[in-house]
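Reader: Hey, can you walk me through this structure? I'd like to see how two of the chains meet.

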There are 4 protein chains.
Amino acid sequence: MSKLRVAVLGAKGRIGSEAVRAVEAADDMELVAALGRGDKLETLAESGVQVVVELTTPASVMGNLDFCIRHGIHAVVGTTGWSDERLAQLNTWLSGSPGTGVLIAPNFSIGAVLTMKFAEQAARYFESVEVVELHHPNKADAPSGTATRTAQLIAEARRKAGCAPQPDATVTALDGARGADVDGVPVHAIRLRGLLAHQEVLLGGEGETLTIRHDSLHHSSFMPGILLGTRRVVTTPGLTFGLEHFLDLN
Amino acid sequence: MSKLRVAVLGAKGRIGSEAVRAVEAADDMELVAALGRGDKLETLAESGVQVVVELTTPASVMGNLDFCIRHGIHAVVGTTGWSDERLAQLNTWLSGSPGTGVLIAPNFSIGAVLTMKFAEQAARYFESVEVVELHHPNKADAPSGTATRTAQLIAEARRKAGCAPQPDATVTALDGARGADVDGVPVHAIRLRGLLAHQEVLLGGEGETLTIRHDSLHHSSFMPGILLGTRRVVTTPGLTFGLEHFLDLN
Amino acid sequence: MSKLRVAVLGAKGRIGSEAVRAVEAADDMELVAALGRGDKLETLAESGVQVVVELTTPASVMGNLDFCIRHGIHAVVGTTGWSDERLAQLNTWLSGSPGTGVLIAPNFSIGAVLTMKFAEQAARYFESVEVVELHHPNKADAPSGTATRTAQLIAEARRKAGCAPQPDATVTALDGARGADVDGVPVHAIRLRGLLAHQEVLLGGEGETLTIRHDSLHHSSFMPGILLGTRRVVTTPGLTFGLEHFLDLN
Amino acid sequence: MSKLRVAVLGAKGRIGSEAVRAVEAADDMELVAALGRGDKLETLAESGVQVVVELTTPASVMGNLDFCIRHGIHAVVGTTGWSDERLAQLNTWLSGSPGTGVLIAPNFSIGAVLTMKFAEQAARYFESVEVVELHHPNKADAPSGTATRTAQLIAEARRKAGCAPQPDATVTALDGARGADVDGVPVHAIRLRGLLAHQEVLLGGEGETLTIRHDSLHHSSFMPGILLGTRRVVTTPGLTFGLEHFLDLN
């Protein structure tokens, strides 16, 4: 079987350089180009690349994707900052290149994606759901974007299923004790030296609890998701938003 | 809206008496009969019952279901001991009463069912998977039936997806340190005073881990699953085996 | 060896009736009296009782202890509501009966007492410490009294050791996300159906974390502490406040 | 206040180079020498060093400590391989230099040391105790040395306190399900990609459990213990074995 020809854009960055190594180590892939800032996209066309892994910046990503789509190169995109306008633009470009696939993923960690998916699926079946995220103390925002997103997915799933509000008999509380309220889901943020990035979803019903916990210890955790996306984007034309759509959850 | 008319068979048992209370407490149900050992099934027919919750014994269950199916009464069954012969018999009976539904569930705990389902779905996406079950020290078997079943589902999912064997560089080990081997999945059983029934599935990949934990604190945890089954069996003709088929996991 | 002669006051209460059974089941103890509301204390004197387990109410406890101390009966006290005045009164009474011991314990759960003790001991050796308590959703206060007390003990230990304030780079936060501030220690309260009473102390330093977790599943967890107190109070004259003083932690 | 003058031996090694940085970063210390393989010890004498951090090899450590003790230099030693003979030799040397202190620590992680200490202290107060250790799958031995040592400390504490054997009604078990038996304490070893080094001690009694968990994410976790040892060894003449003796646990 011939190998998938892959290029990495943003190859000098923290995640990009890791992606270069991951593609090189994959038995079924060949790294045909690794471009950093200032390198010309034109070299891509000559390389016979089939999939581009796009890990640059919001300032560069649209130009890069325009080029890829025009040349029928599939793309797996980790760069952030997606507005509705940008997504609409992408869809327009893709409509002119019907065989080309683009995967944009806000999070390439399979563990994080499954945590959110499972939380969303389970949320309607339990009376109570809370989210706890735990990070190193250098983090500037609380709660984390992932925790907020998880809570929103939970709230939306419960709303759709017509769940009652969560039971909570609290009468007297210290300020902040019950966490932040994200669409009715309490979210608690812990900051502890020695931690990296962790999240726990606690679901409780009559006589039982279900806990889903994700521990992220290194950004190398993005690599399996990037490789999985790279393998599947070639047979998934059009725009896909979120790695969860590439996971078989049956 | 008219209420669902429900009867409980085995109503004097530990789970049965709990089911009686749960049906009585449900806004959308009416308890029309609660039969114990020796009570006549004929009273059921007169009660206008729509769904029977069957929580008796392997010796009684076939007779009860024969009666129910002949009278077009749906059934939600927690009684155990299902052989292929019994299931085939049930299917034969049901083919003669095409509108009637029977749900048999080895486990009515939604948390336990979701733990198994999520473990099965996630198993192929991680290099390593192990199962830890924790129970009170009066338990006679190790590992628990649920843990063994969970490990088998994991192994089957990995086999189908063509996963490599789990990495394990162990060269010297004390006997038993690495747990029991269930189809290639290590399973560890902990027995501790103060515990009831708990299970943890640990999944590990490059730079991250995902943990799914179920804590069962009381057999009241079966009630939400019994009620859910009762509501859905009326619109699900034929035989359904496993509560997971009644959960919407999209 | 002759058995320890024990009486239970408040023997009809939830904890008291459990204590009656625990004393009866203990090989080295004999239950000589079990008094409920309205029963006369005088019967105690005739019973030859050596230790009274006092589990009544703040309204009764002082009268009961006055009687015990005057008769040289040791006491193990679970009743709450201790002011400095009451403790001073007790000490005065005890000074007149120098061989008599009284143990007052706000918490008889050995697990809870050890959690607090270990948290206090470890607190000075880690940069970060946070407390998470998890309870059933019918609880009226947040955080729990135990969690608040634990945080205060941690804060006091860190102050004594001259620890720096905890690192926390949070710049933008949702209200409540970082928990309640108890003397500089963040405390988070989770309310979940299916839970009973649980507490976790998380300590983090460079490259490592230490977690101490207590799960209380039933008030029978008070019994080992009550029995331990009963055995040791007979050789510990005077007033002891807190079960931790009866634990050998070397 | 004048700074403590510290030298690192084995300064080029993985832990040694980290120790160099940690000493340089400490406000109350001055790094006066950092010696690698082949560097002459004599330079130490001239440096006015007060404490040597010894992180070399079993082949070098005795020569290094002989030199230090003869020159009245205190030592904090992480090098392993200590026999009774070697310790006796050290004591002989130290008896000739009564003001000099040597700390040998098999483990400089404060979290690991506290986990063992707390497990040892709590062990006698619970009916059941089990140890679970979790490591990356490249580890060659199972269970880990730390887990085995922890189980031995627990077993010894229970023996001294006259505890009954642990309750366990297991009648039928798969091979290995109940873990390895270390002096009567079950020990379970989990190997999972994505993990580093983790250990959990589970203690269970009537109605409650206590869990002590240590997560080690990086060998930088040894640094606070090395610095603490360095500060305290100057006022602790003679041989101290184990960092726990330098922790204030009251």
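Author: Let's go through the contact between chain C and chain A, and then one more salt bridge. One thing up front: this is a predicted model.

Reader: Okay. How many residues does each chain put into the contact?

Author: Chain C gives 45 residues, and chain A gives 45 residues.

Reader: And how much area is buried between them?

Author: About 3,100 Å². Carbon and sulfur atoms give 61% of that area.

Reader: Why quote an area at all?

Author: The size of an interface is often given as the accessible area lost when the parts come together.

Reader: Got it. How many salt bridges are there between chain C and chain A?

Author: The count is 2. One of them joins the side chains of A:Arg193 and C:Glu127, with N to O at 3.0 Å.

Reader: What about polar contacts, how many residue pairs?

Author: There are 24 such pairs between chain C and chain A, counting pairs with both residues at pLDDT 80 or more.

Reader: Which strands of chain C supply residues to that side?

Author: Several supply at least two residues each, among them strand E6 (128-135), strand E10 (185-191), strand E11 (197-205) and strand E12 (208-216). The residues on the side of chain C that touches chain A divide into 22 nonpolar, 12 polar and 11 charged.

Reader: Now strand pairing. What does strand E7 of chain A pair with?

Author: Strand E7 (residues 141-142) of chain A pairs with E8(C), over 2 bridges. The sense is parallel. In this pairing, A:Ala142 stands opposite C:Ala173.

Reader: Switching topic. What rotation superposes chain C on chain A?

Author: A rotation of 180°, with 0.0 Å of shift along its axis. The RMSD is 0.1 Å. The two copies are therefore related as by a two-fold rotation axis.

Reader: Which C-alpha of chain C is nearest the axis?

Author: That of C:Gly176, at 1.8 Å from the axis.

Reader: Why do you say the copies meet through the same surface?

Author: Because 100% of the interface residues of chain C are also interface residues in chain A.

Reader: Last topic. How many salt bridges over all chains?

Author: The count comes to 56. Among them is B:Asp248 with A:Arg124, whose closest N and O atoms are 3.2 Å apart.

Reader: Where do those two residues sit?

Author: B:Asp248 is in the segment after strand E13 (238-241) of chain B. A:Arg124 is in the loop between helix H5 (110-122) and strand E6 (128-135) of chain A. The pair crosses between chains.

Definitions and conventions:
Residues are numbered from 1 along each chain as its sequence is written. Chains are lettered from A and ligands numbered from 1 in the order in which they are written. This is a predicted model: local features need pLDDT of at least 70, side-chain atom pairs count only at pLDDT 80 or more; totals for chains, interfaces and linings use all residues. Side-chain values use heavy atoms; hydrogens and water are left out. Contact means heavy atoms within 4.5 Å. Buried area is the accessible area (1.4 Å probe) that two parts lose on being put together, summed over both. A salt bridge is a side-chain nitrogen of Lys or Arg within 4 Å of a carboxyl oxygen of Asp or Glu. A polar contact is a pair of N or O atoms within 3.5 Å; within protein, one must be able to donate a hydrogen and the other to accept it, and residues adjacent in sequence count only if both atoms are side-chain atoms. Helices (H or I, at least four residues) and strands (E, at least two) are DSSP runs, numbered from the N terminus. Ala, Val, Leu, Ile, Met, Phe, Trp, Tyr, Cys and Pro count as nonpolar, Asp, Glu, Lys and Arg as charged, and the others, Gly among them, as polar. Two strands pair if DSSP finds at least two bridges between them. Copies are superposed by least squares on the C-alpha atoms of residues with pLDDT of at least 70 in both.
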